[in-house]
Amino acid sequence: MKRIYISILFLSLSSILLFSQTGTIKIVKPISPKKDTVVTSPKRTIYITTSAASNYTFKGNNNMGYEAEVTIPFHNILFIGLKYSNENEYYQLSPFNKETFKQETPYQKSATKSEYLKLPIVVKEYYNIGKRGYFLFSFGLTPEYLIKTKNQFNRLNYSDFNKFNLAGTISIGHSILRKYCSINLCYSKDFFENLKDKKIYDPNGAIVGKQKSKTNLLSLSLSYYIQYERK
């Protein structure tokens, strides 16, 4: 009996020792956290466009105007600019002055020089054409503010014109000089009349017709692109 008890005790101790060896729980040392890495956002290239242009108003005049503009990207393909425009137009002067109620010398073409401050808001698309550079297409709206105007016969004053107007624009262009410059052709048309009173009067003050005072403007510009990088 004693031998059987010793044998059982020996087998039990052997089993415990065997289990303790095979069932050992390994404690893994905690992995120290990695140091914070600074992620730098890629730089964004912004193209600031400066332009100089000559314009023609399709009003039968022989004088050209001129323009200067700066444009910056607003969001993706949307651009906003600030433009100064000097324009020459002809308006018809009636043989009757509605302000003095007197007869005046009529003029079929009366040259008027106007200066505008404009805010072009356009959508631009650039199409890469390989080694030949790129092709540009844009369209948009241009709010306009009349700064001052001068009529050659002093018959039309600043108060005779609407101060604000809105034009629709469309333009095409092509890159030159290693893509840093482009030459562009732009057409714009006013949505509203420039003259407050566009009526034509006879010598007695009766209305005999109306004249068109919306401006159709064709501009030929040279643009230079300035690269600016920001985060």
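Mentor: Residues are sorted into classes here: Ala, Val, Leu, Ile, Met, Phe, Trp, Tyr, Cys and Pro count as nonpolar, Asp, Glu, Lys and Arg as charged, and the others, Gly among them, as polar. The model is predicted, so local features need pLDDT of at least 70 and side-chain atom pairs pLDDT 80 or more, while totals for chains, interfaces and linings use all residues. Residues are numbered from 1 along each chain as its sequence is written, and side-chain values use heavy atoms, without hydrogens or water.

Trainee: How many cavities of 30 Å³ or more does a search of the whole structure find?

Mentor: Rolling a probe the size of a water molecule over the atoms shows where empty space is left. A cavity is a set of points, on a 1 Å grid over the protein atoms alone, where a 1.4 Å probe fits but cannot get out; lining residues have an atom within 4 Å of a point. Volume is the space filled by probe spheres set on the points, which are joined across faces, edges and corners. Three such cavities turn up here, and the largest has a volume of about 360 Å³.

Trainee: Which residues lie nearest the centre of the largest cavity?

Mentor: E69, K83, S171, C186 and S221, out of 24 lining residues. By class, that lining has nine nonpolar, eleven polar and four charged residues. Strands are DSSP runs (E, at least two residues), numbered from the N terminus. Those supplying at least two lining residues each include strand 1 (44–56), strand 2 (65–75) and strand 7 (121–128).

Trainee: What lines the second largest cavity?

Mentor: That cavity holds about 70 Å³ of space. Its lining includes E67, K83, K118, E144 and C186, and divides into three nonpolar, four polar and four charged residues. Strand 8, strand 9, strand 10 and strand 13 each give at least two of them.

Trainee: Where is F101, and is this residue buried or exposed?

Mentor: Buried means under 20% relative accessible area, exposed over 50%, partly exposed in between (1.4 Å probe, protein chains only). F101 sits in the loop between strand 4 (96–97) and strand 5 (102–103), and counts as exposed because its relative accessibility is 63%. Although not a glycine, F101 has a positive phi of about 55 degrees.

Trainee: Where is N154 found?

Mentor: In the loop between strand 8 and strand 9. N154 also has a positive phi of about 55 degrees without being a glycine, and is exposed at 53% relative accessible area.

Trainee: How should F135 be classed?

Mentor: As partly exposed, because its relative accessibility is 32%. F135 belongs to strand 8 (residues 134–151).

Methods: Helix = DSSP H or I, 4+ residues; strand = E, 2+ residues; numbered from the N terminus. 1 Å grid on protein atoms, 1.4 Å probe; cavity = no way out; pocket = protein on both sides within 12 Å on 5 of 7 lines; lining within 4 Å.
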